[in-house]
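Please look at the model shown here with its helix packing in mind. The paragraphs that follow begin with a convention for helix axes and then move outwards to the cores and the whole chain.

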Amino acid sequence: MGSQNLLGPADPATSLRLSQEAPGFLRNNAISNGRFPSFLKSENMGDWIAHEQHLLACLRTGDDKSAHIFLDRLTARFGPSNERVMGLRGLYQEAVAEDGKALEGVLHEYDEILEKQPANVPILKRRIALLRSMSRISDAISALVEFVEAFPTDAEAWCELADLYQSQGMSSQAIFCVEEALLIAPNAWNLHALLGELQYIAAISTHADSEEDQQRLLVNSFRQFCRSVELCDDYLRGFYGIKVTSSYLLDHYLQKPDNKSGKGNDKSLSKDVVERLNILATKKLTDAVEKRQLDIQGPGPGQSELAAVQELLKHH
């Protein structure tokens, strides 16, 4: 019934589209004379993935009535004890909860389920997501640490843990988590860029213990962004990162003359290479701005990235 995840819903535009389609989808597959439509007996998983996608979209857009119908159909097909169905039912209960007390009740139900089924992955993930939404960050971190210890090959969980650590200013822990995720998905260009972002943030913040530590983080960040565009040659976020990190390196480190202590320059990084990649990133970003200005009208996916790139190009 689809992959497991912590938060479920897709991007806002997709959610809105699916939610708008939901009433028609339900009418076209209506139940009549007390019987389910024939396709509900089908083993075509695409039908059920569509039901789940519509359910999640309806929850995100506030159409609880349609979401309940989709949930009932999934329950009828797979049974209330199906782990995925249990997770979706929990998500529905969270969405319709009216106050904090109701959410505490949902959390209690999760705990009861896990007492009997400690390896119920959808419920484990829903519980973590609920703890985070209730601003119980330390509890969510503790639960996620236990989760990745039990399921160390779940890259998504490592990334969620990284995000929680970063939200608490724990950059080194966040970096470690993304590195673990990359061991699982080494060709995921978005994870290379995410690692680059975390290393850059750590470098320019007070987390860098020394100038050498800052330079090391910046160089590693630069290399991670380069790897992300090597894997995906039109990855805008990757080129943005190359532009930022290369500019910082050129301004603060690679322009420095050698000194007796050996500080200031990374001997393994060529100034010429960094300059050429800075120029390439600038060209790629400029081209992306021009293209997207023609393609995108009004607010929508890509607009925030476009604005960030335009702002970067103004100052570099």
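Helix axes are taken here as lines fitted to C-alpha atoms over the stretch in contact, and the angles between their N-to-C directions run from 0 to 180 degrees. The helices themselves (H or I, at least four residues) are DSSP runs numbered from the N terminus, as are strands (E, at least two). The model is predicted, so that local features need pLDDT of at least 70 and side-chain atom pairs count only at pLDDT 80 or more, whereas totals for chains, interfaces and linings use all residues. Residues are numbered from 1 along each chain as its sequence is written, and side-chain values use heavy atoms, with hydrogens and water left out.

With these conventions, helix α8 (residues 155-167) can be followed against helix α9 (residues 171-184), where the two axes come within 8 Å and cross at roughly 170 degrees. Because of that angle, α8 is roughly antiparallel to α9, a label that applies to angles over 145 degrees. The crossing of α8 past α9 is left-handed, meaning that the near helix is turned anticlockwise from the far one by less than a right angle. Among the residues that make this contact (heavy atoms within 4.5 Å) are Trp 158, Leu 161 and Tyr 165 of α8 and Phe 176, Cys 177 and Ile 184 of α9.

A second pair is formed by helix α6 (residues 121-133) and helix α7 (residues 137-150), which pack at an angle of about 155 degrees with their axes 7 Å apart; α6 and α7 are therefore roughly antiparallel to each other. Here too α6 passes α7 in a left-handed crossing, and the residues that meet include Leu 124, Ile 128 and Leu 131 in α6 and Ala 140, Leu 144 and Phe 147 in α7.

Leu 144 and Phe 147 also belong to the largest nonpolar core, of 67 residues, where they are listed with Leu 161, Leu 218, Phe 222, Ile 242 and Leu 249 as having the most contacts inside it. Such a core is a set of buried (under 20% relative accessible area, 1.4 Å probe, protein chains only) Ala, Val, Leu, Ile, Met, Phe, Trp, Tyr and Cys residues joined through side-chain atoms within 4.5 Å. Helix α8 supplies the largest share of this core, eight residues. Apart from it lies another core of 16 residues, including Trp 48 and Phe 70.

Over the whole chain there are 14 helices and zero strands, and 43% of the 316 residues count as buried.

Definitions and conventions
Buried means under 20% relative accessible area, exposed over 50%, partly exposed in between (1.4 Å probe, protein chains only). Angles under 35 degrees count as roughly parallel, over 145 as roughly antiparallel, 65 to 115 as roughly perpendicular and the rest as oblique.
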